[in-house]
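Here are my notes on the model, set out point by point. Please read them with the structure open.

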Amino acid sequence: HIGITGVLFGGHCFNVAASRLLPFLYLAIATGAALAVIETYPDWRGLFELRSLLLGAKLLMLCAIPWFWAYRVTILALVLTLASVGSHMPRRFRHFSVLEWRNTKAIGDNPALI
């Protein structure tokens, strides 16, 4: 997913033809959706954690690119920024659930997560 998104962003920055980049856009969306499924299995409540909400926002932005083609580089830069922030957030934020309004992965819950 990271490599596909990198190729997509670079291609847009260097004005590669849309016909060559659209397959990478669709692959980025598909692999992002697959990651969303993996992230939420086996507990659907994970959909409401900040990490999943950021992933959903990135997917929506990727899906918007065909309609906002003139802004594609800006949109992809935002997607990459959200990806970086989401990947490097401390666990207390990454696993914060807006549904339960608490961190779902407290340090004491699972020693393997420490």
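1. A residue is called buried here when its relative accessible area is under 20%, exposed when that area is over 50%, and partly exposed in between. The model is a predicted one. On this scale, the buried residues of helix 2 are Leu21, Leu25, Ala28, Gly32 and Thr40. The cover over these buried residues includes helix 1 and helix 3.

2. Helix 2 runs over residues 18-40 and has 23 residues. Its first and last C-alpha atoms are 32 Å apart, close to the 33 Å expected at 1.5 Å a residue.

3. Ten residues make up the largest nonpolar core: from the N-terminal part of the list, Ile4, Leu8, Leu21, Leu25 and Ala28, and then Leu62, Ile65, Ile75, Leu76 and Val79. At least two residues of this core come from each of helix 1 (2-13), helix 2 (18-40) and helix 4 (72-88).

4. Leu8 is one of the core residues. With residues up to four places away in sequence not counted, Leu8 touches Leu21, Phe24, Leu25, Ala28, Leu62 and Leu76. Of these partners, Leu21, Leu25 and Ala28 are also listed among the buried residues of helix 2.

5. Gly10 also lies in helix 1. Is Gly10 buried, exposed or partly exposed? Its relative accessibility is 23%, so Gly10 counts as partly exposed. Gly10 and Leu21 are eleven residues apart along the chain, and their C-alpha atoms are separated by 9.9 Å.

6. Arg72 lies in helix 4. Arg72 has a relative accessible area of 16% and is therefore buried, the cut-off being under 20%. Once neighbours within four places in sequence are left aside, the contacts of Arg72 are His12, Asn15 and Ile65. Ile65 is itself a member of the largest nonpolar core.

7. The largest pocket holds about 480 Å³ of space. Helix 1, helix 2, helix 3 (50-64) and helix 4 are the elements that give two or more residues to its lining. Which residues lie nearest the centre of this pocket? Among the 21 residues that line the pocket, they are His1, Leu35, Lys58, Ala83 and Ser87.

8. By class, the lining of the largest pocket divides into eleven nonpolar, six polar and four charged residues.

How values were computed. Residues numbered from 1 in each chain as written. Predicted model: local features only at pLDDT ≥ 70, side-chain atom pairs only at ≥ 80, totals over all residues. Heavy atoms only, no water. Core = buried A, V, L, I, M, F, W, Y, C linked by side-chain atoms within 4.5 Å. Buried < 20%, exposed > 50% of the residue type's maximum accessible area, 1.4 Å probe, protein only. Helix = DSSP H or I, 4+ residues; strand = E, 2+ residues; numbered from the N terminus. Contact = heavy atoms within 4.5 Å. 1 Å grid on protein atoms, 1.4 Å probe; cavity = no way out; pocket = protein on both sides within 12 Å on 5 of 7 lines; lining within 4 Å. Points joined across faces, edges and corners; volume = space filled by probe spheres on them. Nonpolar A, V, L, I, M, F, W, Y, C, P; charged D, E, K, R; others polar. Expected span 1.5 Å × (residues − 1).
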